[in-house]
Amino acid sequence: MQLPESIETYGYFWLAEKPDNRLTGVLRISARGEASLETFGAFDATHDRPLQQLTGEKLHILGVTDKEGPVTLVDCVVTQKNAVVNVEQLFKSSLHVDRAFCGAHFDTGEVCFSGMTFAVEGLDEWFSFHHRPFSHEMRPTGKMSFTYSPPESITFQLPDDLSIGFHMGVRTRSGLFQETITTQMSINVESSRMRAFSDFMQVLQKIKNFLCLVFDRSVSFTSITGSRRELNAPHTAHDAVVIYSRFDPYDLRKENISAGNFLISFHEMAHNIHEYLPRWLERYEEYEPTFNLYFAVTANRFMHLEGGFLFLVHGIESLHRRSSSETQMPAEEFNSRVDSIVQRTPETWRGWVREKLAYANALSLRNRIKQMVAPFDDLFGSETERAAFVNRVVDTRNYLTHYDEGIKERAVTDAGELRRLRSKLEALVQLHLLRLLEIDHDHIWQMAMRYPLLRKRLGL
């Protein structure tokens, strides 16, 4: 996550199953959403057993704090216990908190919501280029009036009985000499039934990755809240439960995003987003390895150059395997050949021969890359240039996989050249992700010509 500032709040904390043993402490949440708890005392300490060894057990902790109200801290692990110097029977405990739910108490069962609202970096800038909510007018009397025109909310259905909405909220702050009005875009995912928090987060992560593709940059959540609207819910109803955690597996830098600097503008997306986003979620299920490999490379700026290249090769190869059943020859002809070979093989070697020939009918990596380049041949240069690109990808992948000195000369090993080759391969995967949304070729070509970073990756 990327929060405006870190949070520090004091209160009382206790294990959900032991409400009478309350400890004073401080809950800290970093600007990245990482939560930690420091308490005076240990949850497992008694007069007979004042200080136990760290067990790694995950604790479910409830609390009441001065700034966040009731809190639920899930999957907490004690990382350190120290005796306070010169004070008998007093200890300080430090705990890592995996998830912090602020605004409600949840028992030790699974945390569930009926809806979740979130925002990510760049969402306001993406939308603001499409809609200007404020206008002003200077009157003859010298007075100035401001008008706020809220945009119409965009709502539509998603797979698995979910709905999604894009909404703009507005906040005001009054001062002695100024009135501040700010807007913030948010995305709301609603379910017709209560769902586990983890199920919601799978959907939210996929939607965030959709925005990462559209924005052409890796962005973080800036806020996540859960709501529970089910009647007769087992917990006291709250309008919003604010959720903190380190949801991104990598250290994403804070993005400096300017309006209009996106691969796909909201204006381009607005008319078809009700088709694109559900299609994205469906394709994610079909081609999850490719999606995961691509976003692992684009999000992890510290990934080794060779490792990122291999991830992208695996991603494009997996995409072709799952989207094409083509083989080198018809299955019947291939199986007949294998049977003929096996029959002529000594019986003791037949199992070994069948094992070695099991994937002999699959297309080679060279053919797969060649076919993946074909739909975008007008973006990859002449026939000679396309062939050179395919050969360099395959030879480099083979060398980096096996480190065979016999093919080293054909592989790209210079860091600068490998970086350019990886960027071009990244662009190929990116183009195919756009194609999975069923964006037509002419529109994709226009994006490549208009958007500077994509042009740079393609070497245009």
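This is a short walk through the strands, the core and the aromatic rings of one protein chain.

Okay, so before anything else, keep in mind that this is a predicted model. The chain runs to 460 residues, and 44% of them count as buried. In terms of elements, we have 13 helices and 14 strands. If you take contacts between residues at least 6 apart in sequence, 67% of them join residues at least 24 apart. As for the outside, the accessible surface is about 24800 Å², with 49% of that belonging to carbon and sulfur atoms.

Let's do the strands. Start with β6, residues 91–102, which pairs antiparallel with β3, residues 35–40, over six bridges. If you want a spot to click on, Leu-37 is opposite Leu-95 in β6. Now, which strand else does β6 pair with over three bridges? That one is β14, residues 241–244, again in the antiparallel sense. There, Ala-100 stands across from Tyr-244.

From β14 you can carry on to β13, since those two pair antiparallel over two bridges. Thr-225 and Val-242 face each other there. And β13, residues 221–227, also pairs with β7, residues 112–120, antiparallel, over six bridges. Look for Met-116 opposite Gly-226 in that one.

Right, on to the inside. In soluble globular proteins, nonpolar side chains tend to be buried together. Here, the largest nonpolar core has 122 residues, and the ones with the most contacts inside it are Ile-61, Leu-73, Phe-113, Trp-126, Ile-224 and Trp-280. Which helix gives the most to this core? It's α2, residues 197–215, with twelve residues. There's also a second, separate core of five residues, including Met-329, Phe-334, Val-338 and Val-353.

Let me stay on Trp-126 for a moment. Skipping its neighbours within four places in sequence, its contacts include Leu-211, Val-214 and Phe-215. Also among them are Phe-262, Ile-264, Phe-266 and Ile-273.

Now the rings. How many aromatic pairs does the structure hold? There are 20. One of them is Phe-197 with Phe-247, a tilted pair at 6.4 Å centre to centre and 55° between the planes. Phe-197 is in helix α2 and Phe-247 is in the loop between β14 and α3, so the pair ties together parts that are 50 residues apart in sequence. Are those two rings buried or exposed? Both Phe-197 and Phe-247 are buried.

Another pair is Trp-280 with Phe-291, and this one is edge-to-face, 4.7 Å between centres and 65° between planes. Trp-280 sits in helix α4, residues 273–286, and Phe-291 in helix α5, residues 288–299, so here the parts tied together are eleven residues apart in sequence. Trp-280 counts as buried because its relative accessibility is 1%, and the cut-off is under 20%. Phe-291 is buried too, at 0%.

Back to Phe-197 and Phe-247, because ring pairs link them into a cluster with Phe-101, Phe-106, Phe-113, Phe-118 and Phe-221. And Phe-221 has a charged visitor: Lys-208 lies over its face, 5.5 Å from the ring centre.

Last one, down at Trp-14. The charged end of Arg-22 sits over that ring, 3.8 Å from its centre.

That's the tour, thanks.

Notes
Residues are numbered from 1 along each chain as its sequence is written. This is a predicted model: local features need pLDDT of at least 70, side-chain atom pairs count only at pLDDT 80 or more; totals for chains, interfaces and linings use all residues. Side-chain values use heavy atoms; hydrogens and water are left out. Helices (H or I, at least four residues) and strands (E, at least two) are DSSP runs, numbered from the N terminus. Buried means under 20% relative accessible area, exposed over 50%, partly exposed in between (1.4 Å probe, protein chains only). Contact means heavy atoms within 4.5 Å. Accessible areas come from the Shrake-Rupley method with a 1.4 Å probe; for residues, only the protein chains shown count as cover. Two strands pair if DSSP finds at least two bridges between them. A nonpolar core is a set of buried Ala, Val, Leu, Ile, Met, Phe, Trp, Tyr and Cys residues joined through side-chain atoms within 4.5 Å. Rings of Phe, Tyr and Trp (its six-membered ring) pair if their centres lie within 6.5 Å; planes under 30 degrees apart count as stacked, over 60 as edge-to-face and the rest as tilted. A charge sits over a ring if NZ of Lys or CZ of Arg is within 6 Å of the ring centre and within 35 degrees of the ring normal.
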